[in-house]
Amino acid sequence: MIYLHNQIEQLSKEEKEITIKLEKIGYIDELEEIIKKLNDKYEQKGRYEEQLDQWERSIETLDSIELELKDINNGIASLDKSLDNRIKSFNKYFSKLSERLYNEQFILSYDRNERAYQLKISSISGNLGTGKKKGQIAAFDFAYIQFCEENEIPCLHFILHDQIENMHDNQLITLSTIANETNSQLVLPVLLDKLPNNIDVKKYKVLSLSQENKLFKV
């Protein structure tokens with residue numbers, strides 16, 4: 001009996017030890033699982049913190065860009081009035097010269113969109129024929145010379161045009177008069193028979209070419 005009792009005690013002791021070991025093993029596995037989950041959370045936390053840092057830097061950059069854009073817009077707005085005054089001053093000459101040429105006024109204006117300013121020339125009569133377009137350009141050039149003189153802006157006092165055969169004689173005569181009035185030169189490569197008869201060609205001629213006397217002798 002004593003022998004059996006001792007065996008039972010020994011077996012009970014071994015059972016407790018095994019139970020303790022099993023419990024310890026279970027706790028370790030659970031602890032490792034918890035540690036793994038904690039590590040995963042720390043990695044996720046690190047990713048979120050990095051994304052948050054990038055987001056904050058992006059916001060700072062955006063704020064800086066918005067401030068620069070605001071400064072640029074304020075600068076543009078401050079120049080609008082100056083631009084309006086300059087165009088008004090230019091149109092004073094442009095509309096007067098175009099009226100002398102065609103009895104109608106050409107006006108320089110501008111449109112502003114999100115990207116840039118676009119200059120345009122409008123006419124009361126609407127669409128312009130080829131001849132009027134040539135006169136329009138010449139009036140623009142002479143008006144610019146007068147505008148520069150008024151505002152003490154250095155500029156060349158000559159303009160060069162070709163294909164003026166589409167202009168009427170009275171416009172050509174008016175342009176020659178305007179050139180004299182503005183102390184400017186109007187350079188026109190043109191066939192002799194396309195010039196008005198009442199213009200003294202010898203007075204203005206600089207170079208005369210023909211089939212026998214070609215440019216560069218070619």
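1. Helix H1 gives the most to the lining of the second largest pocket, with four residues. The structure discussed here is a predicted model, and the remarks below should be read with that in mind. Helix H1 spans residues 2-102, and both H1 and H2 supply at least two residues each to the lining of this pocket. The volume of the second largest pocket is about 170 Å³. Its lining consists of Leu 83, Arg 86, Ile 87, Phe 90, Leu 108, Leu 119, Phe 140, Tyr 144, Phe 147 and Ile 153.

2. As for the overall layout, the protein chain contains four helices and four strands, and from the N terminus on these elements follow the order α-β-β-α-β-α-β-α. Of the 218 residues in the protein chain, 21% are buried.

3. The pairing of the strands S1 and S2 deserves a separate comment. Strand S1 covers residues 106-112 and strand S2 covers residues 117-123; the two run antiparallel and are joined by seven bridges. The connection from S1 to S2 is a hairpin of four residues. To take one bridge as an example, Ile 107 has Ser 122 in S2 as its partner. Leu 108 and Leu 119, which are among the residues lining the second largest pocket, fall within the ranges given for S1 and S2 respectively.

4. A salt bridge can also be placed on this pair of strands, since Asp 111 and Lys 120 form one, with their closest N and O atoms 3.3 Å apart. Asp 111 is partly exposed, its relative accessible area being 38%, and Lys 120 likewise counts as partly exposed, at 39% relative accessibility.

5. How many salt bridges does a search of the whole structure find? The search finds six, and two of the pairs concerned can be placed in helix H1. In one of these, the side chains of Lys 36 and Asp 40 meet with an N to O distance of 3.5 Å. Because Lys 36 and Asp 40 are four residues apart in helix H1, about one helical turn separates them. Lys 36 has a relative accessible area of 48% and is therefore partly exposed, while Asp 40 is partly exposed with a relative accessible area of 37%.

6. The other pair in helix H1 is Lys 45 and Glu 49, whose salt bridge has its closest N and O atoms 2.5 Å apart. Here too the spacing is four residues, so that Lys 45 and Glu 49 are separated by about one helical turn of H1. Lys 45 counts as partly exposed at 42% relative accessibility, and Glu 49 counts as partly exposed at 43%.

7. Where does the model show a nonpolar surface patch, and which residues make the patch? Leu 156, Phe 158, Leu 160 and Val 187 make a patch of about 400 Å². Leu 156 is located in the loop between helix H2, which covers residues 130-150, and strand S3, which covers residues 158-160. With a relative accessible area of 61%, Leu 156 is exposed, because the cut-off for that class is over 50%. Phe 158 and Leu 160, which also belong to the patch, lie within the range given for strand S3.

Definitions and conventions:
Residues numbered from 1 in each chain as written. Predicted model: local features only at pLDDT ≥ 70, side-chain atom pairs only at ≥ 80, totals over all residues. Heavy atoms only, no water. Patch = residues over 30% accessible without salt bridge, like charges linked within 9 Å, V, L, I, M, F, W, Y side chains within 5 Å. Areas by Shrake-Rupley, 256 points an atom, 1.4 Å probe, with all protein chains shown as cover. Salt bridge = Lys/Arg side-chain N within 4 Å of Asp/Glu carboxyl O. Buried < 20%, exposed > 50% of the residue type's maximum accessible area, 1.4 Å probe, protein only. Pairing = 2+ DSSP bridges. 1 Å grid on protein atoms, 1.4 Å probe; cavity = no way out; pocket = protein on both sides within 12 Å on 5 of 7 lines; lining within 4 Å. Points joined across faces, edges and corners; volume = space filled by probe spheres on them.
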